[in-house]
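Colleague: Could we go through this model together? I have a few short questions.

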Amino acid sequence: MRKHFLFLFLASIAISSVHSQTRGNRVGFIDMEYILQNVNSYTETNALLEEKAEKWKQEIESKKLEINKVKEALTAEKPLLTKSLIEERETEITFLENELLDLQQKRFGPNGLLMSQKSLLVKPIQDQVFTAVQDIAEAKKYDFIFDKSSDLTLLFADKRFDISDQVLRIINRTEKREQLSKKELAAEQEKEEKEDAIADNPNLAERQKILDERKAAREKILADRKLAQEQKKKEYEERRQKILDDRAAKKNGTVSETTKTNSANPAITNEPKTVQEDALTEAEIAKQKAIKAKEKAAEDRKKLIEDRKKALEERRLQIIRQRDSIKAAREEKLKQ
């Protein structure tokens, strides 16, 4: 019985070993520097930290200039100073230099403020990366995942084993989910599932790439059409303005620069008008005729009113004269 059990145990070990050798080890890697550069929260905070570091550098440079001024002053005044004063100045310079060195170590040393704040800045993202790597390794059965930017010497790595974009996608999704509502979160999860399916399936990824290229081509065609329409509209407006300017110049008894140019160049003068120019000319002529007709009707109406006023005035004067003559006749009759 014991021999039978031992035989089964050894057989199971052998089978699992053969299965492992047949499947092969699945290896992946990440690039931590690439991930950090593409995480928004890190880049924004790191930019602020770099500004602070730049101010620290300016402070150190100003202190260096002060020390150099003290040294130059000592060199210039040394022949006039006593030995004790010279030693006192040199001691002061040494103190200032040590103080500057301490400040440099405090700000930029291995255990300085810059390194400690960078560590505090990177640590939360490193934790997120570690969690994301574990999730990916468990879901996709990875045996080993390395960090390309670490001290590990990686002489060659095929890009298809790089899971940095997958890790970055998980981190960005986590940040985005914190700001979404339930409805937006459901839509985002659906979008994430689609992206994961495309990332895991090379055929789907290739198909999506083709669709994106077609979409970009369609958008380019639409943009070109819109640009061409705007160009045609601009040319039409320029031709219309040219016609109006020429008419205004003829009306005022002057010749425009364009007309002079066309007179000097027969090829331009004899060039046939386009359909749009003909249509524009006819429309302008009709418009001018309508304006003139309205003006003539207004003048006729004004003349008619004036004639009526004149007739009424003449009739009124005639009645007044008749009344005056009748009144005079009566007065004459009464006198007799």
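Colleague: Is F144 buried, partly exposed or exposed?

Modeller: F144 counts as partly exposed, at 41% relative accessibility. The classes are buried for under 20% relative accessible area, exposed for over 50% and partly exposed in between, using a 1.4 Å probe and protein chains only.

Colleague: And F146, how does that one rank?

Modeller: F146 is partly exposed as well, with a relative accessible area of 33%. Please note that this is a predicted model, in which local features need pLDDT of at least 70 and side-chain atom pairs count only at pLDDT 80 or more, whereas totals for chains, interfaces and linings use all residues. Residues are numbered from 1 along each chain as its sequence is written, and side-chain values use heavy atoms, with hydrogens and water left out.

Colleague: How many aromatic pairs are there in the whole structure?

Modeller: The search returns two. Rings of Phe, Tyr and Trp (its six-membered ring) pair if their centres lie within 6.5 Å; planes under 30 degrees apart are stacked, over 60 edge-to-face, and the rest tilted. W56 and F108 form an edge-to-face pair, with 6.2 Å from centre to centre and 80 degrees between the planes.

Colleague: Which parts does that pair tie together?

Modeller: W56 belongs to helix 3 and F108 to helix 4 (residues 83–108), so the pair links parts that are 52 residues apart in sequence. Helices (H or I, at least four residues) and strands (E, at least two) are DSSP runs numbered from the N terminus. W56 is buried, at 10% relative accessible area, while F108 is partly exposed at 28%. The pair of F144 and F146 is stacked, with 6.4 Å between centres and 10 degrees between planes.

Colleague: Changing topic: at what angle do helix 3 and helix 5 pack?

Modeller: Helix 3 (residues 40–77) and helix 5 (residues 113–140) pack at about 180 degrees, and their axes are 11 Å apart. Helix 3 is therefore roughly antiparallel to helix 5. The axes are lines fitted to C-alpha atoms over the stretch in contact, and angles run from 0 to 180 degrees between N-to-C directions. Under 35 degrees counts as roughly parallel, over 145 as roughly antiparallel, 65 to 115 as roughly perpendicular and the rest as oblique.

Colleague: Which residues make the contact?

Modeller: On helix 3 they include Y42, L49 and W56, and on helix 5 they include L114, L121 and I125. Contact means heavy atoms within 4.5 Å.

Colleague: Which members of the largest nonpolar core touch the most others?

Modeller: Of its 19 residues, these are I30, I35, V39, Y42, V129 and V167. Such a core is a set of buried Ala, Val, Leu, Ile, Met, Phe, Trp, Tyr and Cys residues joined through side-chain atoms within 4.5 Å. Helix 2 (32–37), helix 5 and helix 6 (164–177) each give two or more residues to this core, and helix 5 gives the most, with eight. Apart from this core lies another, of six residues, among them I67 and L103.

Colleague: What does V167 contact?

Modeller: Leaving aside neighbours within four places in sequence, V167 is in contact with I30, I35, V129, A132, V133 and I136.

Colleague: Finally, where is K141?

Modeller: K141 sits in the loop between helix 5 and strand 2 (144–147). K141 is exposed, with a relative accessible area of 58%, and its phi is near 60 degrees, a positive value in a residue other than glycine.
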